[in-house]
Amino acid sequence: MPDDAVPSEEIHKPGEPEREPADGVPPAAASEADEVAAAVAEKFPGTVFHDSHGQAVVYVDRGAWHDVVAFLRDEQQFTQCLDVTVVDHLVDEERLSVDGVAPERFEVVANFLSHPRNRRIRTICEVPADEPTVPSITDLYSGANFGERESYDLFGIAFDGHPDLTRILMPDDWVGYPLRKDDAPGRVPVAFKGDPSPR
Amino acid sequence: MKHAHPAPTERAAAAGVSPDAASEAMEKARLDRQTDEGAQEMQRTPRELVVTGGLWPEDDETMIVNMGPQHPSTHGVLRVMMELDGETVLRVKPVIGYLHTGMEKTGEELTYVQGGTNVTRMDYLAPLSNETVFALAVERLLDVEIPPRATWIRTMLCEISRLESHLLFQATNGMDIGALSMMIYGWREREEVLRYKETITGLRMNHNFIRPGGVAADLPDGWQQSTLDLCDTVERGMRDYEDLLNDNPIWLERLVGVGVITTEQALALGASGPILRSTGFPWDLRKAQPYLAYDQVDFDVIYTENGDCYDRYLIRLNEIRESLKIVRQCVEKMPAGDYRVQDRKITPPPRARIDESMEALIHHFKLFTEGFRVPPGETYVAIESPRGEIGCYLVSDATGKPVRMHIRGPSFYNLQSMEAMVEGALVADAVAIISSVDPVMGEVDR
């Protein structure tokens, strides 16, 4: 959808909190999915907007990841970071291609929710396999703590600046990152009682 | 003088050997045996032990205590590391992963048809919410519209699931606080709900009833009456709960003002559901971003202002009532028609068709061996589960299995808010707080 699509009337859903958006933020409109994305794109050149089944998705450069999230929080009223997760695209048969996005092996995905504006946005960051590092956003949303730890634990993505980047679901001495596509689930033999340790 | 260990000498005396000689010989044999095995003999001189409390350094007055993973009040296998100063909890760190079974990895190995069997086992106290969020995500990637009857059945079952989960919360919360009658009451009504769900879905738990494309089967004959009967039973039970607890002085003493959290903290820590609503923030996805048929039923969002354990108890109690309201409306408004999409690529043909139609047989076979292919894409679908926002992030790559199936478990993120609630509380309050967060470890660890 173009950034300057004509606003239509009927986006106001029943039960939507009747809160006025803060200063400078225009009221809800049909193209509002674009609005935050447009603001992000204006401020951070290189970001790409994608309409994914009616949901606003912004592909963000790795260097701008922290700044974009700060922008969402401070200027776009995104009150909550719901989730941080990772996708490993190593063995995709056919991958969703978005114009202007150079695909890498990993994608770090964060979902944000704005309660006052009642809308969501998803930011995606392409992360190469040879340098799996992303700036942490725990200083902005402390709720991202567990999500980033889980991403580190299962995918081996290092979040720069995370206060406690340790394994969360797997044992502390685990070798490998189980949700990576090249980490086969059958690699570790089942340790029966009395069996010598596989490692 | 009586010997310290009378048994061997008495036995020796009975055998006609002098007690002293016998014990000396045995002692020697014992030492020989130990020396042969390379064991060290323990020092025999008695040591004087004086308990003065001075065993810890003066400047280190706090103590780290592990609660769980086997503690009965940690709802499964949650381990909580607490830093204690006397009886006061200074810091708390939840340690999870004891129930990690790699369900997201499993989800990548199952077709979209089979996926429901996997997600339903995550939050095993509200399985139908999990199935719904997964099915909605798959349907969004497929861009299929499901028939209204399926939507209404889902709405009704989600609410049944919610009240089931809240009933079990009442039971376990009562047990944690020490109100054991409440535990029995809660399980009593929940048992009725499970029995009812068995008549609808065929299983008490882990139903795999809500599937991509609709629901697995139509509602059975006489479901209206059994649903209304269930509502009456639960409502009758709720009067017991309220009589027992609402004004109970011990209950109030244990819960009021305990585990207070503010809206800002709850939002920052990613909390949702009853925890967020207990802080005076009326956010419910069923109202704010309606899905299924929630925009066509009348119900209220329950919220309170204080953000303490008692408020979270009250919210869950009254949400049962709202759920009953929705279920009754669903019975009233249930539309007729198909209970699943009539697209043979997504849902199987009726059993009778397989005997007479070759196409039906092929469709059936293909669907249950390969599943259906989903065009490449990614989506995040969120619904309101009893514990808060449950989300499903699904990435497809034009094959029959997802590239990534991630569930945003509300318990997983809600656990973080525990840190804010527990600080400064007593150990006994920590039990009440863990209980009021109502985590389900199956969903936390996935």
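Which residues are exposed on the other side of α7(B)? In this predicted model, the residues in question are Leu180(B) and Ser181(B), and the views below begin with the helix to which they belong.

**View 1. Helix α7 of chain B, from end to end.** Helix α7(B) covers residues 180–201, and its 22 residues, taken at 1.5 Å a residue, should span 32 Å, which agrees with the 31 Å that separates its end C-alpha atoms. Just after α7(B), Gly202(B) adopts a positive phi of about 95°.

**View 2. The buried and exposed sides of α7(B).** The buried residues of this helix are Met182(B), Tyr185(B), Gly186(B), Glu189(B), Arg190(B), Val193(B), Tyr196(B), Lys197(B), Ile200(B) and Thr201(B). Seen down the axis of α7(B), these buried residues fall within an arc of 130°, and therefore they line one face of the helix. Among the elements that cover the buried residues of α7(B) are α6 (148–177) and α8 (223–246), both of chain B. Leu180(B) and Ser181(B), on the other side of the helix, are exposed.

**View 3. Asn208(B), in the loop that follows α7(B).** The loop between α7 and β4 (210–211) of chain B contains Asn208(B), whose phi is near 50°, a positive value in a residue other than glycine. Asn208(B) has 21 C-beta neighbours inside 10 Å, and because a residue is buried when 20 or more other C-beta atoms lie within that distance, Asn208(B) counts as buried.

**View 4. Arg446(B), in the segment after α18(B).** Arg446(B) is found in the segment after α18 (441–445) of chain B, and its phi, near 45°, is likewise a positive value in a residue other than glycine. With 27 other C-beta atoms within 10 Å, Arg446(B) is buried.

**View 5. The side of chain A that touches chain B.** Between the two chains, 37 residues of chain A are in contact with 38 residues of chain B. On the side of chain A that touches chain B, β3 (80–88), β4 (106–114) and α3 (144–155) of chain A each supply at least two residues, and β3(A) gives the most, with six residues. Sorted by class, this side of chain A has 15 nonpolar, 14 polar and eight charged residues.

Key. Residues are numbered from 1 along each chain as its sequence is written. Chains are lettered from A and ligands numbered from 1 in the order in which they are written. This is a predicted model: local features need pLDDT of at least 70, side-chain atom pairs count only at pLDDT 80 or more; totals for chains, interfaces and linings use all residues. Helices (H or I, at least four residues) and strands (E, at least two) are DSSP runs, numbered from the N terminus. The expected span of a helix is 1.5 Å times one less than its number of residues. A residue is buried if 20 or more other C-beta atoms lie within 10 Å of its own, exposed if 12 or fewer, and partly exposed in between; C-beta atoms are placed from the backbone. The arc is that of the directions from the helix axis to the C-beta atoms. Two residues are in contact if their C-beta atoms, placed from the backbone, lie within 7 Å. Ala, Val, Leu, Ile, Met, Phe, Trp, Tyr, Cys and Pro count as nonpolar, Asp, Glu, Lys and Arg as charged, and the others, Gly among them, as polar.
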